[in-house]
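Me: I would like to go through this model and check each label against its cut-off. Please give the value, the rule and the conclusion.

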Amino acid sequence: MIRLMGIDPGLRFMGWGIIDVDGNRLKHVASGVIATDGHESVPLRLCELHGKLQNLIREYAPAEAAVEETYVNRNGSSTLKLGYARGVALLTPAYEGLPVAEYGAMTVKKSVVGTGSATKEQVTMMVKRLLPGVAIHKADASDALAVAICHAHHRASAAHVAVGRRMA
């Protein structure tokens, strides 16, 4: 069994999700959203994200983390701030000694729903199906769990490929 953390970066809301993976079985452990105050300065908000993410990693002890890649939008300032939050999402688990994988939104959607053009509602529905009993309170938490599920699927594929190479 391995414990994985998925992170959906955001400066206002950063989603996080922890799952346990045992073979092809997935189990929800915890999930939520780290919210920052938009009236605070960006550096203080980044410090808050880092501190809370670090506490979650120390509390739940995941073995690996996965972060969703961000997209560029028309508002350069918003894109830059999202990039700052993504930096925290990548740095914090790496600083805690975890391997960190990155996945694009289309890869996450395809891994969880089966199509890269899935809606947020479809992703949430499939997260609920793959993790029975999970209560989703915010889309950011659902997205983070989807990133963790995507990483679980990609880890399993990579392990099968590695076994095949050793046998050849």
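Me: How many salt bridges does the count come to by the rule?

Reply: The count comes to seven salt bridges. The rule asks for a side-chain nitrogen of Lys or Arg within 4 Å of a carboxyl oxygen of Asp or Glu. This is a predicted model, in which local features need pLDDT of at least 70 and side-chain atom pairs count only at pLDDT 80 or more, while totals for chains, interfaces and linings use all residues. Side-chain values use heavy atoms, with hydrogens and water left out, and residues are numbered from 1 along each chain as its sequence is written.

Me: What makes Arg 3 and Asp 20 a salt bridge?

Reply: Their closest N and O atoms are 2.7 Å apart, and the limit is 4 Å, so the pair qualifies. The pair links distant parts of the chain, with Arg 3 in strand β1 and Asp 20 in strand β2, 17 residues apart. Strands here are DSSP runs of E with at least two residues, and helices are runs of H or I with at least four, both numbered from the N terminus.

Me: Why is Asp 20 called buried, and why is Arg 3 called partly exposed?

Reply: Buried means under 20% relative accessible area, exposed means over 50%, and partly exposed is in between (1.4 Å probe, protein chains only). Asp 20 has 8% and therefore counts as buried. Arg 3 has 23%, so Arg 3 counts as partly exposed.

Me: Which residue forms a salt bridge with Arg 25, and why is Arg 25 called exposed?

Reply: The partner is Asp 22, with the closest N and O atoms 3.1 Å apart. Arg 25 is at 54% relative accessibility and so counts as exposed. Asp 22 is at 37%, so the label there is partly exposed.

Me: Where do Glu 48 and Lys 52 lie, and what makes them a salt bridge?

Reply: Both lie in helix α1, four residues apart, about one turn of the helix. Their closest N and O atoms are 2.8 Å apart, which meets the salt-bridge rule. Glu 48 has a relative accessible area of 26% and is therefore partly exposed; Lys 52, with 38%, is also partly exposed.

Me: How do you know that β2 and β3 pair?

Reply: Two strands pair if DSSP finds at least two bridges between them. Strand β2 (residues 13-22) and β3 have ten, in the antiparallel sense, so they pair. Among the facing residues, Ile 18 stands opposite Ala 30 in β3, and Gly 17 has Ser 31 as its bridge partner. The two strands form a hairpin with two residues between them, and Gly 23 in the turn has a positive phi of about 65 degrees.

Me: What is the strand order of the sheet, and what makes β3 and β5 edge strands?

Reply: Five strands form an open sheet in the order β3-β2-β1-β4-β5, with mixed pairing. β3 (25-35) and β5 (100-103) each pair on one side only.

Me: Why is Arg 86 called buried, and which residues are in contact with it?

Reply: Arg 86 has a relative accessible area of 15%, under the 20% limit, so Arg 86 is buried. Arg 86 is found in helix α2 (residues 76-95). Leaving aside neighbours within four places in sequence, Arg 86 is in contact (heavy atoms within 4.5 Å) with Pro 9, Val 67, Glu 68, Glu 69, Thr 70 and Glu 102.
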